[in-house]
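Q: I'd like a close look at a single part of this one. Could you take me through the sheet and what sits against it?

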Amino acid sequence: MNTKVNEGKLISGKDALIALASGEEVEFKGILDEWKNIKHCMGLNLSMFLNTPDWMKFRLKPRTITINGIEVPAPFEPKD
C-alpha cells in the first residue's frame, strides 16, 4: 500500500489493519461523524475491521506540519 497516495482518502477495514500493523496512523469516522485516532478507542474489535458497518469509515491520518501555530497539510513528495 502506498501511503503517500492514500493519505486522507477512505480505505477498507482490511487496509486499515495492515496500515496499523505497519505503524501508520489510522483514523475512523463513526456515528458522531468526526475522525478519531483508532489507537485512542478501546471499543473497536476485529469484526469491525473485517465486516465494516456502512456507517464506519477508515482513512490514513493526513500528515500535517505546523506553521506559526496553524496545522497545514504536509507538502507532497513525488517519487521519480
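A: Here's a walk through the sheet, strand by strand, and then into the core. Keep in mind that this is a predicted model.

The sheet is an open one built from four strands, in the order 1-4-2-3, with antiparallel pairing. At its edges are strand 1 and strand 3 (35-37), each of which pairs on one side only.

Let's zoom in on strand 4, residues 57-60. Strand 1 (residues 10-11) runs antiparallel to strand 4 and is joined to it by two bridges. Strand 2 (residues 26-29) is also antiparallel to strand 4, and there the count is four bridges. F58 is a handy residue to click on: in strand 4, it's the bridge partner of I11, and it's the bridge partner of F28 as well.

Now for the core. I11, F28 and F58 turn up again here, among the eleven residues of the largest nonpolar core. The rest of that set is A16, A19, V26, I38, L44, F49, M56 and L60. Helix 2 (13-21), strand 2 and strand 4 each supply at least two residues of this core.

A16 is a good place to finish, as one of the core residues. Leaving aside residues up to four places away in sequence, A16 touches I11, V26, F49 and F58. So if you have F58 selected, you can go from its bridge partners I11 and F28 over to its contact with A16.

Notes: Residues are numbered from 1 along each chain as its sequence is written. This is a predicted model: local features need pLDDT of at least 70, side-chain atom pairs count only at pLDDT 80 or more; totals for chains, interfaces and linings use all residues. Side-chain values use heavy atoms; hydrogens and water are left out. Two strands pair if DSSP finds at least two bridges between them. A nonpolar core is a set of buried Ala, Val, Leu, Ile, Met, Phe, Trp, Tyr and Cys residues joined through side-chain atoms within 4.5 Å. Buried means under 20% relative accessible area, exposed over 50%, partly exposed in between (1.4 Å probe, protein chains only). Contact means heavy atoms within 4.5 Å.
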